[in-house]
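Q: Could we go through this structure together, starting with how the chains meet?

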2 protein chains.
Amino acid sequence: MADYTKMWTDLGLNLDNHDALLENLGGAYQSIFMSQEHRPEGMGYFDFVMSEAHGLRIQELRDEQEAGRKIIGSFCVFVPEELVLAAGCTSVGLCAGADFAQEEVEKVLPRNTCSLIKSFFGFKLGKVCPYMEVSDLIVGENTCDGKKKSFEIFSQMVPNFFQMDLPQNKAPMARKLLKHEYEAFIAKLEEMTGKRIGLEDLKQGIATVNAKRNALARLSKLRTANPSPISGLDALLINQIAFLDNPVRFTGKVNALCDELELLVKENKGAKVENAPRVVISGCPMAIPNWKVPAVIEATGAVIVGEESCIGERGQRNTTDASADTIDGLIDAVVDRYFKIDCAVFTPNQERVEHIKEMAKNTNADGVIHYGLQFCQPYIMESFSVEKTLEKDGVSVLRLETDYSQEDMGQLSTRVEAFVEIIK
Amino acid sequence: MADYTKMWTDLGLNLDNHDALLENLGGAYQSIFMSQEHRPEGMGYFDFVMSEAHGLRIQELRDEQEAGRKIIGSFCVFVPEELVLAAGCTSVGLCAGADFAQEEVEKVLPRNTCSLIKSFFGFKLGKVCPYMEVSDLIVGENTCDGKKKSFEIFSQMVPNFFQMDLPQNKAPMARKLLKHEYEAFIAKLEEMTGKRIGLEDLKQGIATVNAKRNALARLSKLRTANPSPISGLDALLINQIAFLDNPVRFTGKVNALCDELELLVKENKGAKVENAPRVVISGCPMAIPNWKVPAVIEATGAVIVGEESCIGERGQRNTTDASADTIDGLIDAVVDRYFKIDCAVFTPNQERVEHIKEMAKNTNADGVIHYGLQFCQPYIMESFSVEKTLEKDGVSVLRLETDYSQEDMGQLSTRVEAFVEIIK
């Protein structure tokens with residue numbers, strides 16, 4: 001790895017903290033990912049991206065900045081990458097998946113806050129996230145109470161912040177609100193770049209993101225094979241990298257990997273043995289490096305065949321209709337696409353449980369593991385009806401509630417092993 | 001007390017559970033309220049209302065139903081009583097302030113849910129709340145995640161449910177949403193009664209509620225005297241009864257009490273000694289019979305001089321402008337009045353901290369105790385900035401986080417005593 005010390009210093013990172021984080025991350029990556037057998041060769045690219053996530057990729061973003069592009073950091077799949085790209089900007093995901101500087105965090109946030117929120121505060125307070133520091137604008141959104149209210153505090157820690165309101169149901173008024181907020185977001189981007197978004201810009205932005213989503217959908221579909229040609233850990237990793245990498249390059253690499261996976265499927269080669277227990281994981285997003293529960297699941301010999309998560313199907317399925325010939329028509333198409341997202345902050349949210357059922361069916365899953373982050377009220381409350389509805393349909397469900405610590409690893413393993421034993 | 005066994009049976013209450021609840025409640029009331037010294041005579045009425053809260057008042061509501069009125073139960077000060085009265089209906093508050101049937105509750109709700117939500121589930125599952133059972137319609141609302149998502153489950157337990165969407169900020173689009181929801185609520189009421197709301201109905205509804213709020217404001221103002229002529233416990237009780245009693249009768253009784261309090265102030269007579277430490281309590285609502293923290297505070301000899309709470313100033317301040325001459329104009333006035341409510345579900349919510357400051361100043365408070373229900377993310381997250389802002393202004397703040405159990409009474413007493421010692 002090249003020496004990025006100067007870049008990290010320029011970005012204001014705390015080098016000691018950052019070294020500690022990278023060492024930790026590197027170790028986890030080795031033991032969780034590199035120890036897997038039967039990995040497709042195409043994963044080499046994603047391993048490389050991960051190894052350079054705080055290095056070369058940040059250098060690229062800084063080079064883009066030099067060339068006049070703005071970097072837009074966000075925490076939620078409701079922030080449309082199409083609009084960011086159309087404005088000539090680059091989108092990066094900031095959600096954080098590891099505990100950091102927890103003592104500092106608990107001075108400004110309640111202890112009973114979910115790990116994901118505490119994590120991005122910790123990354124900021126500990127000065128270890130180059131994506132946050134390189135961002136020209138950070139976008140927060142009114143999803144759950146925890147994020148909505150904590151952004152009031154977080155927004156004071158960063159120089160340029162935009163808060164996006166979001167609806168709470170799927171009524172016509174709610175769609176109006178979403179469109180209004182996307183228009184305000186466009187206005188903010190245009191103000192930053194000093195340039196209006198043109199029709200072709202928007203068409204191109206939509207095309208780029210559609211291509212990415214189509215590649216990810218292709219990957220999802222290949223996992224329906226038995227044996228699945230790729231592990232759930234690797235597939236999750238790709239979905240995580242989707243938020244960080246250059247979208248065009250990323251799409252090419254995912255498609256190249258899919259070409260390889262198609263061959264593996266033909267040869268009946270899989271990441272796990274044929275007829276390995278098949279699990280769909282559903283619930284809260286898992287940001288890098290939150291690989292805890294998938295690692296526990298696949299350590300049992302089971303294979304994860306789908307992620308019903310913002311970092312997975314919920315965030316990436318559905319493309320945007322690019323056929324309109326006016327900017328307003330295209331914005332409407334973007335709104336329509338995002339308005340379908342079945343996040344648990346919506347009420348009612350019956351679409352989500354229907355989608356989980358559909359995923360379980362399409363992937364020939366033997367069971368669904370619902371992953372709830374402790375104190376995430378929307379997903380944990382919804383997990384009760386998810387369990388009830390799926391069980392009624394004959395799908396076995398295990399509800400887990402955990403955080404980013406390692407303290408409950410023993411208990412988690414025991415519960416997951418028992419569940420896999422039942423469903424296999 | 002008359003024998004209401006038949007009525008309770010008709011309502012479907014579980015008589016054993018209900019007897020246990022009433023006995024418990026009666027005992028708490030005796031020890032917390034009736035043991036107070038220097039109570040104004042006018043409290044006799046409110047003691048009577050409390051003693052008949054599950055008896056005579058329910059009988060009255062049933063008599064109203066016989067006469068064709070509909071009873072509308074709700075959980076939130078965003079459900080406008082003006083509209084309910086204008087439709088010829090009666091509004092009752094359903095928020096519950098005690099643990100009940102917790103084992104049953106935890107089968108349908110996560111453990112990490114705030115006591116208030118668990119409580120109304122417990123009251124429903126344990127069949128002990130005659131207000132819930134007598135209601136022709138129950139209104140839920142999208143305030144916090146906990147309520148929003150738990151109403152998906154609760155709505156299936158009651159025959160007639162209406163979910164009201166609410167905005168998350170105070171932008172023009174948010175006001176539009178609120179108006180839209182109030183119009184939908186009016187339509188629902190009109191559908192139930194089979195009668196359109198007329199201009200005079202709405203004017204009368206507004207007048208009745210304004211009179212009630214003016215009486216409560218008069219009560220609040222009298223508490224600025226030193227010594228305060230009424231205890232915080234008694235004032236809280238009146239604010240709690242505001243959600244249950246007939247509004248016209250209630251207003252008369254509050255005004256009669258205020259007449260008496262004016263005399264007491266002139267005579268320099270108070271609920272506590274002159275110069276007793278003065279506390280404003282701020283934060284989560286305290287529904288009947290949640291008197292835990294105020295009882296702890298006033299047991300130290302301090303007097304509570306204001307409640308910055310939905311059951312208190314936040315819910316009752318500001319009247320509705322009744323001057324418009326069209327129904328739409330009056331609805332706008334209702335929307336304007338409710339849009340000012342500074343609930344912590346809004347972001348940003350700077351108005352609230354300004355209002356707490358103002359209350360502390362106007363009441364000559366020596367300190368503010370912030371009351372957060374465990375797992376209530378909006379209020380507990382906001383308590384950090386409340387504390388910071390008030391302390392910067394020289395106002396001492398104690399942040400409490402508790403639930404409805406009695407387990408932390410010792411710890412609470414110790415912390416409150418220490419705080420009162422500091423501020424006095």
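The exchange below covers the interface, the symmetry and selected salt bridges.

Q: What kind of model is it, and what confidence limits apply?
A: It is a predicted model, in which local features need pLDDT of at least 70, side-chain atom pairs count only at pLDDT 80 or more, and totals for chains, interfaces and linings use all residues. Residues are numbered from 1 along each chain as its sequence is written, chains are lettered from A and ligands numbered from 1 in the order in which they are written, and side-chain values use heavy atoms, with hydrogens and water left out.

Q: How many residues does each chain bring to the contact?
A: Chain A contributes 41 residues and chain B contributes 41 residues, where contact means heavy atoms within 4.5 Å.

Q: And what area is buried there?
A: About 3,400 Å² is buried between chain A and chain B, with carbon and sulfur atoms giving 55% of it. Buried area is the accessible area (1.4 Å probe) that two parts lose on being put together, summed over both.

Q: Which polar interactions cross the interface?
A: There are 23 residue pairs in polar contact between chain A and chain B, both residues being at pLDDT 80 or more. A polar contact is a pair of N or O atoms within 3.5 Å; within protein, one must be able to donate a hydrogen and the other to accept it, and residues adjacent in sequence count only if both atoms are side-chain atoms.

Q: Which helices of chain A supply that side?
A: At least two residues each come from α6 (102–108), α9 (145–154), α10 (172–193) and α18 (377–392) of chain A. Of the elements on the side of chain A that touches chain B, α9(A) gives the most, with 7 residues. Helices here are DSSP runs (H or I, at least four residues), numbered from the N terminus.

Q: How many salt bridges link the two chains?
A: The count between chain A and chain B is 2, a salt bridge being a side-chain nitrogen of Lys or Arg within 4 Å of a carboxyl oxygen of Asp or Glu. One salt bridge joins A:Lys149 to B:Glu382, at 2.4 Å from N to O. Both residues belong to a salt-bridge network with A:Glu152, B:Glu308, B:Arg314 and B:Arg352.

Q: Switching to symmetry, what turn lays chain A on chain B?
A: A turn of 180° with a shift of 0.0 Å along the axis does so, at an RMSD of 0.0 Å. This is the relation of a two-fold axis. The C-alpha of A:Asp145 is the nearest to the axis in chain A, at 3.1 Å. Copies are superposed by least squares on the C-alpha atoms of residues with pLDDT of at least 70 in both.

Q: Why do the copies meet through the same surface?
A: Because 100% of the interface residues of chain A are also interface residues in chain B.

Q: What about salt bridges over all chains?
A: The whole structure has 78 salt bridges. One of them pairs B:Lys179 with B:Asp328, at 2.9 Å from N to O. B:Lys179 lies in α10 (residues 172–193) and B:Asp328 in α16 (residues 327–339) of chain B, so the pair ties together parts 149 residues apart in sequence.

Q: Is B:Lys179 buried or exposed?
A: B:Lys179 is buried, at 14% relative accessibility, whereas B:Asp328 is partly exposed at 40%. Buried means under 20% relative accessible area, exposed over 50%, and partly exposed in between (1.4 Å probe, protein chains only).

Q: Why is helix α12 of chain B largely enclosed?
A: In α12 (residues 232–241) of chain B, 10 of the 10 residues are buried, so the rest of the structure largely encloses the helix. The buried residues include B:Asp234, B:Asn239 and B:Gln240.
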